[in-house]
Amino acid sequence: MLYTSKEDFDGIWRHFLDLDRDYGAIKSRLRQNDEIMRSAIGCGEGIRILNQELWETVVSFIISASNNIPRIKGIIERLCEAFGDRIEYRGNTYYSFPDAETINALSLSDLAVIRAGFRDKYIKAAAEAVVNGDLSLDTLRSMPTPEAKKALMSVKGIGNKVSDCILLFGLGRADSFPVDVWIKRIMEYCYFDGEQPIKVISEFAENKFGALGGYAQQYLFFYARENKIGA
DNA sequence: CACCAGGTAGATC
DNA sequence: GATCTACATGGT
């Protein structure tokens, strides 16, 4: 059970959990697409797309590249424990996500304790870009999506898929349709006959789901994992 | 020991 | 342009 004040609920959690969005309307529109979306939604009725803090989203999805979810979580936890601020709250200990300045001040050997592997240099590159102004997080928020994507991809370690995830989860661009290995497989399995280039899948999704691409992606992602398509 | 994991950058043709 | 591969770490 989550206990919170009225102020925190309205000021933080309402937006973070995307509670003001009409997911009923989104689901009924997507269900009109085809039987596949009806099945996918059926196994993820409660899915919501969180509005996550932008810097945390940037780093988290850099870490996600060619990695598995338990290890991604472990790396992020170690990053916070080693370099975030310690927070004592109601008898429990938490650690904040370290800001860009903090991470930029670290050496790669400092970062080794989080065991991010080859991604450590990309985490540093992102921190450096934010600190030196090459990547302005505030400016990103007001940029058109294609420009924001280009700006994100100018950072080493942020490619096509990671930038789409940042756009979707950190910048609220709900039309973004990140194609990872799971999405690629489920799309090939459901909508194509055999393997397809990522670009073909992206364009197909854009035509089919349009502004609801991000929601469709989430239903398909959990549907694919639930049914272990290709795993 | 081989292969894979919410990919990307750099080299090569 | 499109394709190939190394990349750290940990699990199966």
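Colleague: Before we start, where do the domain bounds come from?
Modeller: Domain bounds here come from an automatic or database domain assignment. Keep in mind too that this is a predicted model. So, for where the bounds come from, the answer is an automatic or database domain assignment.

Colleague: Which residues make up each domain of chain A?
Modeller: Chain A is split into domain 1 and domain 2. Domain 2 covers 54-171. Domain 1 is written as two stretches, 27-46 + 176-227.

Colleague: How much area is buried between domain 1 and domain 2?
Modeller: Let's start with the layout: the domain centres, taken over C-alpha atoms, are 26 Å apart. Ten residues of domain 1 touch eight residues of domain 2. Carbon and sulfur atoms give 70% of the buried area, and that area comes to about 620 Å².

Colleague: And which residues in domain 1 lose the most area to domain 2?
Modeller: Three residues stand out, together giving 56% of what the domain 1 side buries. They are Ser-176, Pro-178 and Gln-218.

Colleague: Now the helices. How are H3 and H14 oriented to each other?
Modeller: H3 spans residues 35-42 and H14 spans residues 213-226, and their axes lie 8 Å apart. The angle is about 70 degrees, and 65 to 115 counts as roughly perpendicular. H3 and H14 are therefore roughly perpendicular.

Colleague: How do the residues of the contact of H3 with H14 divide?
Modeller: On the H3 side you'll find Ile-36, Met-37, Ser-39, Ala-40 and Ile-41. They meet Ala-216, Tyr-219, Leu-220 and Tyr-223 in H14. The split is eight nonpolar, one polar and no charged.

Colleague: What about H4 and H11, how do they run relative to each other?
Modeller: H4 (residues 54-64) and H11 (residues 160-169) pack with axes 9 Å apart, at an angle of about 150 degrees. Anything over 145 counts as roughly antiparallel, so H4 is, relative to H11, roughly antiparallel.

Colleague: Is the crossing of H4 and H11 left-handed or right-handed, and which residues of H11 make the contact?
Modeller: The crossing is right-handed. From H4, the contact uses Leu-54, Thr-57, Val-58, Phe-61, Ile-62 and Ser-64. The contact residues divide into eight nonpolar, two polar and one charged. On H11, they are Lys-161, Val-162, Cys-165, Ile-166 and Phe-169.

Colleague: H11 also packs with H10. How are those two set to each other?
Modeller: H10 covers residues 145-153, and its axis is 9 Å from that of H11. They pack at about 125 degrees, in a right-handed crossing. H10 and H11 are therefore oblique.

Colleague: How do the residues of the contact of H10 with H11 divide?
Modeller: H10 brings Thr-145, Ala-148, Lys-149, Leu-152 and Met-153. H11 brings Asn-160, Ser-163, Asp-164, Ile-166 and Leu-167. That gives five nonpolar, three polar and two charged.

Definitions and conventions
Residues are numbered from 1 along each chain as its sequence is written. Chains are lettered from A and ligands numbered from 1 in the order in which they are written. This is a predicted model: local features need pLDDT of at least 70, side-chain atom pairs count only at pLDDT 80 or more; totals for chains, interfaces and linings use all residues. Side-chain values use heavy atoms; hydrogens and water are left out. Axes are lines fitted to C-alpha atoms, for helices over the stretch in contact, and angles run from 0 to 180 degrees between N-to-C directions. Helices (H or I, at least four residues) and strands (E, at least two) are DSSP runs, numbered from the N terminus. Angles under 35 degrees count as roughly parallel, over 145 as roughly antiparallel, 65 to 115 as roughly perpendicular and the rest as oblique. A crossing is left-handed if the near helix is turned anticlockwise from the far one by less than a right angle, and right-handed if clockwise. Contact means heavy atoms within 4.5 Å. Ala, Val, Leu, Ile, Met, Phe, Trp, Tyr, Cys and Pro count as nonpolar, Asp, Glu, Lys and Arg as charged, and the others, Gly among them, as polar. Buried area is the accessible area (1.4 Å probe) that two parts lose on being put together, summed over both.
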